[in-house]
Amino acid sequence: PRFTSHRDGDRVSSGFTLVGQTRPNATVQIEVVSSVSLLDVVNLGGQTLVDQDVTANSAGEFRITVPAPQLPVPGTSYRIRATATSGTETSPQTEITLRQR
């Protein structure tokens with residue numbers, strides 16, 4: 001799967017929607033983990049915001065809303081991983097990282 005709404009390194013506001021493209025009617029497993037680090041050195045912990053399967057429509061588009069973390073602070077990073085399955089085929093994992101504005 002590939003994301004069409006965001007590119008690796010993009011900045012997002014708290015709570016956002018991911019849109020992507022894959023094979024028509026494929027199942028996409030999406031995981032979004034937020035993490036906050038102090039001065040990009042000390043990781044202050046993470047929170048799994050999404051761990052869910054979504055089904056692409058007949059055009060191959062999928063979307064999922066990512067809720068805001070409990071403590072949305074500037075600099076929060078969101079690690080997003082997605083894998084698509086269609087029949088017996090599974091795609092390589094796609095990973096991007098977004099940052100809180």
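Which residues have the most contacts inside the largest nonpolar core? In this predicted model, they turn out to be Phe16, Leu18, Ile30, Val32, Tyr78, Ile80 and Leu98, from a core of 20 residues. Two or more residues apiece come from strands S3 (16–21), S4 (27–38), S5 (42–55), S6 (61–66), S7 (77–86) and S9 (94–100). S7 chips in the most, with four residues. As a bit of background, nonpolar side chains in soluble globular proteins tend to be buried together.

Tyr78 is a handy place to look around. Setting aside its neighbours within four places in sequence, Tyr78 is in contact with Val12, Phe16, Val32, Val33, Ser34, Leu49, Pro69, Ile96, Thr97, Leu98 and Gln100. Among these partners, Phe16, Val32 and Leu98 also appear in the list of core residues with the most contacts.

Now for the loops. Asn25 sits in the loop between S3 and S4, and its phi is positive, at about 65 degrees, even though this residue is not a glycine. Most residues other than glycine have a negative phi. Asn25 counts as exposed because its relative accessible area is 52%, and the cut-off for that label is over 50%.

Gly75 belongs to another stretch, the loop between S6 and S7. With a relative accessibility of 28%, Gly75 falls between the 20% and 50% cut-offs, so it is classed as partly exposed. Leaving out neighbours within four places in sequence, Gly75 is in contact with Ser35, Arg99 and Gln100. From Gly75 to Ala26 there are 49 residues along the sequence, and their C-alpha atoms lie 33 Å apart in space.

Note on methods
Residues numbered from 1 in each chain as written. Predicted model: local features only at pLDDT ≥ 70, side-chain atom pairs only at ≥ 80, totals over all residues. Heavy atoms only, no water. Core = buried A, V, L, I, M, F, W, Y, C linked by side-chain atoms within 4.5 Å. Buried < 20%, exposed > 50% of the residue type's maximum accessible area, 1.4 Å probe, protein only. Contact = heavy atoms within 4.5 Å.
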